[in-house]
Amino acid sequence: MVAKIGRGTNIYGALLYNHSKVLNNNGEILHLHHMKETADGNYTAMQLLTSFAPYLLANKNTEKTALHISLNPDPNDSISDEDYIKIAEEYMQKLGYGEQPYVVFKHTDIERTHIHIVSTTVDCKGIKIPDSFEKKKSMDICRELETKFNLSPAPEKQFFESSIPLNPVNFATGNIKAQIASIVRHLPKYYQFQSLGSYNALLSLFNITSEHIKKEYRGEIKEGLVYFATNENGNKVSNPFKSSLFGKQAGLQELRAHFDKSRANSASAKSSIIEVIQQAMQLNSNEMTFKDYLIQHGINTVIRRNEQERIYGITFIDHNTRNVFNGSQLGKQLSANVFQELFSSHDLKLNQNKIVQPIIINQTNSTNNTTTSDHLHPFFDFMVNLSNIDGFGFLESLLTGTFAEDPEEQAFEYQMKKKRKKRPT
């Protein structure tokens, strides 16, 4: 069993994402722990959110108050709902969250049935729950649960314990060839991508890019692929390396075969990522918060802009299903032009508000950032490192209207404002 632990600033988004699975008959609420229950057993994301309100109001100074965990058994394991609940309870207890409110969702939208747990990282006094050595503790708990419930060992276990340094290339440390090799030799084993552009979007997370080379040699056209290391802005910072240095799997012929195989296997993964992206678009018209929302749900976004700063390409890297999709592959409603309009409308509205009431905003303007790479999120650990996101705390997000586009959430925002004013200074 593999556990993914993620933290973020928007607990409502995590609840909304999971509850949308329930509404679409792709999931169900298995268990509520220290949560308010309804008489008929039916819930909305907002009703679930109210159970966390006292903890969020008591919060001292923790920014990332949302805890979103998924527990993923081997697809061959047959687990009853009762055992899923026992697994969730024991996992949370041993991880240190046994007294916290949390809700357990079961997802059935893909062949691999699994559960998600949404909770908060602060206790009833507003103090952050210690999380030192949490990743190792989580892995130990998973091993114990595998034994207790007769589950198959995690198929990724050997991968985790190998010495493969799946980290972004750091040009300053030298040994660029070895760093690139450790990435390109293994990515096709774990991710599905359908074009060279999608492959480069995935490589960009590791500060790598590839180029298709065509040359005439003795009357024949020869094709090949070369790799470069890049900096954080996507600019090349190394000499080219021939793909033959990294083995057949890094070469053009093998990659083209991988493209074809990925196309054939992509249909089942599309529906789930489309649902999450559309949810993100409804909640966030700002590029930064849009990316933040998707990162919290295990998806990286790579945006390409021309010299006029107009978006001409957008790619989504889904670490849940390990598929890479260009927006156009997911439908016209997720094409580059749609996101250009979405983010531009937010910038226009922001500028209009500045004219009416000038304010100083200490925030990175993501529309002027030409980088095509976000912080890398390691396998099954993609939501932990959100240090590159300039996010606000959950309450601040509500009070500033960042996520208040849902009518129920607006009502909740109003109640939170009233209660917050009553708190002693």
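Buried residues, meaning those under 20% relative accessible area (exposed is over 50%, partly exposed in between, with a 1.4 Å probe and protein chains only), make up 52% of the 425 residues in the protein. The model is predicted: local features need pLDDT of at least 70, side-chain atom pairs count only at pLDDT 80 or more, and totals for chains, interfaces and linings use all residues. Residues are numbered from 1 along each chain as its sequence is written, and side-chain values use heavy atoms, with hydrogens and water left out.

**The whole protein**

Display the protein as a cartoon. The secondary structure comes to 15 helices and 11 strands; these are DSSP runs numbered from the N terminus, with helices (H or I) of at least four residues and strands (E) of at least two. Of the contacts (heavy atoms within 4.5 Å) with a separation of 6 or more, 66% are accounted for by residues 24 or more positions apart.

**First stop: strands 9, 10 and 11**

Select residues 299–305, which form strand 9, then residues 311–318, which form strand 10, and residues 323–326, which form strand 11. Together they give an open sheet of three strands in the order 9-10-11, with antiparallel pairing. Strands 9 and 11 stand at the edges with a single partner strand each, so one side of each has no neighbour in the sheet. From one strand to the next, the twist averages 15°. Two strands pair if DSSP finds at least two bridges between them; strand 9 and strand 10 pair over seven bridges. Within this pair, select Thr301, which stands opposite Phe316 in strand 10.

Now add residues 287–296, which form helix 12. This helix packs on the sheet, touching strand 9 and strand 10, and its direction makes about 145° with that of strand 9. Axes here are lines fitted to C-alpha atoms, for helices over the stretch in contact, and angles run from 0 to 180 degrees between N-to-C directions.

Within helix 12, show the side chains of Lys291 and Glu287, which lie four residues apart, about one turn of the helix. They meet in a salt bridge (3.5 Å, N to O), a term for a side-chain nitrogen of Lys or Arg within 4 Å of a carboxyl oxygen of Asp or Glu. Lys291 counts as buried at 13% relative accessibility, and Glu287 counts as buried at 3%.

**Second stop: Arg7 and Glu134**

The structure holds 16 salt bridges. Select Glu134 and Arg7, which form one of them, with the closest N and O atoms 2.8 Å apart. Glu134 lies in helix 5 (residues 134–148) and Arg7 in strand 1 (residues 2–8), so the pair ties together parts that are 127 residues apart in sequence. Both residues are buried. Add Lys128 and Asp131 to the selection: with Arg7 and Glu134, they are linked in a network of salt bridges.

**Third stop: helices 4 and 5**

Keep helix 5 in view and select residues 81–95, which form helix 4. The axes of helix 4 and helix 5 come within 10 Å and cross at roughly 145°. Which residues meet here? On the helix 4 side they include Ile87, Tyr91 and Leu95, and on the helix 5 side Ile141, Cys142 and Leu145 are among them.

Finally, select Glu90 and Lys94 in helix 4, which are separated by about one helical turn. They form a salt bridge, the closest N and O atoms being 3.1 Å apart. Glu90 is buried, with a relative accessible area of 16%, whereas Lys94 counts as partly exposed at 37% relative accessibility.
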